[in-house]
Amino acid sequence: MTQQPVIIEDTYTGDVTPGGPAQRRRIPGASIVKLAVGEMNNNTYLVTDDATGKSVFIDAANEPDRLVQFLRDNAPDLELIVTTHQHWDHWQGLERVAAETGVPTAAHELDADPLPVTPDRILAEGDTVQIGELNLEVIHLSGHTPGSVALVLTERGTGRTHIFTGDSLFPGGVGKTPNDDAFRSLLGDVESKIFDRFDDETIFYPGHGKDSTLGAERPHLGEWRERGW
């Protein structure tokens with residue numbers, strides 16, 4: 001059964017819901033489309049290079065029929081499917097989407113085993129995911145899961161940064177962790193690899209819910225550390 005086409009709105013707020021329209025943010029040289037799927041309100045992201053039309057898809061989380069139709073309609077030159085981490089709600093659509101599109105998949109080695117398909121590419125700290133003329137840097141963030149990754153896209157010309165953080169960083173705090181050691185690891189990585197490197201104008205895009213900026217969250221880092229979550 002053919003799915004109804006996903007409506008994409010060009011007024012971007014970052015507030016999307018399952019069953020509703022996607023939203024597109026246009027930035028110099030690229031576009032970012034955010035679509036929510038599934039009962040856990042997972043965000044998926046399609047990043048497309050304007051110059052070549054090539055794309056990367058982040059987290060084939062759920063509703064595989066809808067995702068396949070969405071990618072057929074909007075990503076004819078899809079080159080890679082990245083899974084940010086091993087938790088089941090972020091890969092329920094992965095096996096079907098990978099099979100239907102024939103596109104290779106990627107994840108960090110420490111989170112690869114639980115995935116329903118073996119990654120074609122293993123991602124590591126400092127790697128570059130090249131999509132057309134876009135280069136997305138891989139950051140390894142340990143704590144929410146052992147092998148969580150974020151992808152960093154820097155705008156050409158402006159230098160503004162966009163980071164896809166999976167479940168490692170949200171508005172209001174870092175992702176859930178199983179114990180105190182994991183919390184300290186995740187907060188330490190988020191501080192040193194994200195907040196210490198990138199400026200307040202940096203936008204980040206989490207695995208659930210709304211986006212935020214580092215400037216909005218930076219004043220609260222001490223509160224997160226003190227409360228322990």
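Start by selecting D189 in this predicted model. Setting aside residues up to four places away in sequence, D189 touches H140, L141, S142 and I194. Now colour residues 180-195: this is helix α3, and D189 lies in it.

Which side chain of opposite charge is nearest to D189? Select K193, which is 4.0 Å away. D189 has no salt bridge, even though it is buried.

Next, move to the largest nonpolar core, which has 25 residues. To find those with the most contacts inside it, select L46, F57, F70, L71, L78 and I81. Then colour the elements that give two or more residues to this core: strands β3 (30-37) and β6 (77-82), and helices α1 (64-74) and α2 (94-101). Which of them gives the largest share? That is α1, with four residues.

Stay with α1 for a moment. Here you can pick out a run of buried residues: R66, L67, V68, Q69, F70 and L71. To see what covers the buried residues of α1, show β1 (8-9), β3, β4 (42-49), β5 (54-58), β6 and α2, which are among the elements doing so.

Now zoom in on L46. Leaving out neighbours within four places in sequence, its contacts include F70, L71 and N74. Turn the view and look for S31, I32 and V33, also in contact with L46. Add S55, V56 and F57, then A75 and L78, and the list of contacts for L46 is complete.

For the last stop, select A30, I32, V56 and L134. They belong to a second, separate core of 23 residues. Two of these names, I32 and V56, you have just met as contacts of L46.

Methods
Residues numbered from 1 in each chain as written. Predicted model: local features only at pLDDT ≥ 70, side-chain atom pairs only at ≥ 80, totals over all residues. Heavy atoms only, no water. Buried < 20%, exposed > 50% of the residue type's maximum accessible area, 1.4 Å probe, protein only. Lys, Arg positive; Asp, Glu negative; His and termini not counted. Contact = heavy atoms within 4.5 Å. Core = buried A, V, L, I, M, F, W, Y, C linked by side-chain atoms within 4.5 Å.
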